Amino acid sequence: MPLNQFPLCAIGHIQTPFKQKFAIPRQPNLAKARGQVVLAPDFDDPRVFKGLEVFSHVWLLFLFHENLDKGWKPSVKAPRLGGNATLGVFASRSTHRPNGIGMSAVKNLGSETVDGKLTLNVEGVDLLDGTPIIDIKPYLPYADALPHASDSMAELTHAAPIPNLDVTINPLVQNLLLEAAAQHPDLPTLLNAVLAQDPRPAYRHKLSNDEKTYHTTLYNYDFAFTVKSGVVDVVGINAL
């Protein structure tokens, strides 16, 4: 084996409400979306989670599996800079990386066996449904939460803050959303959290009146929304 190559395999995959990349929160914990890490058969042994219950949060290491065939870029467009300015790939959390590895700190909701498969329940996920998980590690506050760490990008580059738009539900959609919530109780809250962050491409955030109708999929529902006067209006819902 070449010295610069190492074996790597997925230990499982994660199930999430996000069926498409569009509208996934740009970082973990920006929405309280729940997910379930389902371990692969080779790792389906209850002993792997022994002691994990004492940690409130865990790190999920994963692969940007839908981007691996696109290669990497030395500089990437940065959403925080409006979507057109660029940063070096190692100064970003872009999906276009040399090894396509990502990481998310999420809340640990405990493990269980579901349909004969060992599963870890988590909250605050920002991952596409089906994303391969390559490792799980406990989050250590004394080592991972650095009180003097800084992020000066906003000061140095006038980076845009995370949007927090008002979200309205068209009256024609309200009853359908309530019906969908009978199957997924967290759906109304999740929908509001996702859309409030304005999932449109960053370069369109300056358009407070956008003529386009956008679509995003949560669980097994497609939602149509518009942005008018800086307010997100959910105008349609369809079961898939």
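**Strands, a helix and one buried glutamine**

Me: In this predicted model, how many bridges pair β10 and β11?

Reply: The two strands run in the antiparallel sense. One of the spots to look at is H215, whose bridge partner in β11 is A224. The count of bridges between β10 and β11 is six.

Me: What is the strand order in the open sheet of four strands?

Reply: The pairing in this sheet is mixed. The edges are β9 and β10 (210-218), each pairing on one side only. Neighbouring strands are turned by 30° against each other on average, direction ignored. Reading across, the order is β9-β12-β11-β10.

Me: What angle does the direction of α3 make with that of β12?

Reply: Helix α3 packs on the sheet and touches β9, β11 and β12. Taking the direction of α3 against that of β12, you get about 60°.

Me: Which elements do the buried residues of α3 pack against?

Reply: Start with the helix itself, residues 171-183, where V173, L177, A180 and A181 are buried. Buried here means under 20% relative accessible area. The partners of those buried residues are β9 (166-169), α4 (187-196), β11 (221-228) and β12 (231-239).

Me: Which residue caps the N-terminal end of α3?

Reply: Look for a side-chain oxygen beside the backbone nitrogen of L172. The two atoms lie 2.9 Å apart, and the oxygen belongs to N170.

Me: Is Q197 buried or exposed?

Reply: Q197 is found in the loop between α4 and β10. The cut-off for buried is under 20% relative accessible area. Q197 comes in at 11%, so the label is buried.

Me: What does Q197 contact, leaving aside its neighbours within four places in sequence?

Reply: One local link first: a polar atom of the Q197 side chain lies 3.1 Å from the backbone oxygen of A193. Setting aside neighbours within four places, the contacts of Q197 are P25, R26, L30, A31, I162 and P163.

Me: Which residue in β8 stands opposite L60?

Reply: Strand β3 (residues 57-63) is joined to β8 by five bridges, and the two run antiparallel. Opposite L60, in β8, stands I136.

Me: And which residue in β8 stands opposite H13?

Reply: Here the pair is β1 (residues 12-15) with β8 (residues 132-138), antiparallel over two bridges. The residue opposite H13 is P132.

Terms used. Residues numbered from 1 in each chain as written. Predicted model: local features only at pLDDT ≥ 70, side-chain atom pairs only at ≥ 80, totals over all residues. Heavy atoms only, no water. Buried < 20%, exposed > 50% of the residue type's maximum accessible area, 1.4 Å probe, protein only. Contact = heavy atoms within 4.5 Å. Polar contact = N/O pair within 3.5 Å; in protein donor to acceptor, adjacent residues only side chain to side chain. Pairing = 2+ DSSP bridges. Axes fitted to C-alpha atoms, helices over the stretch in contact; angles between N-to-C directions.
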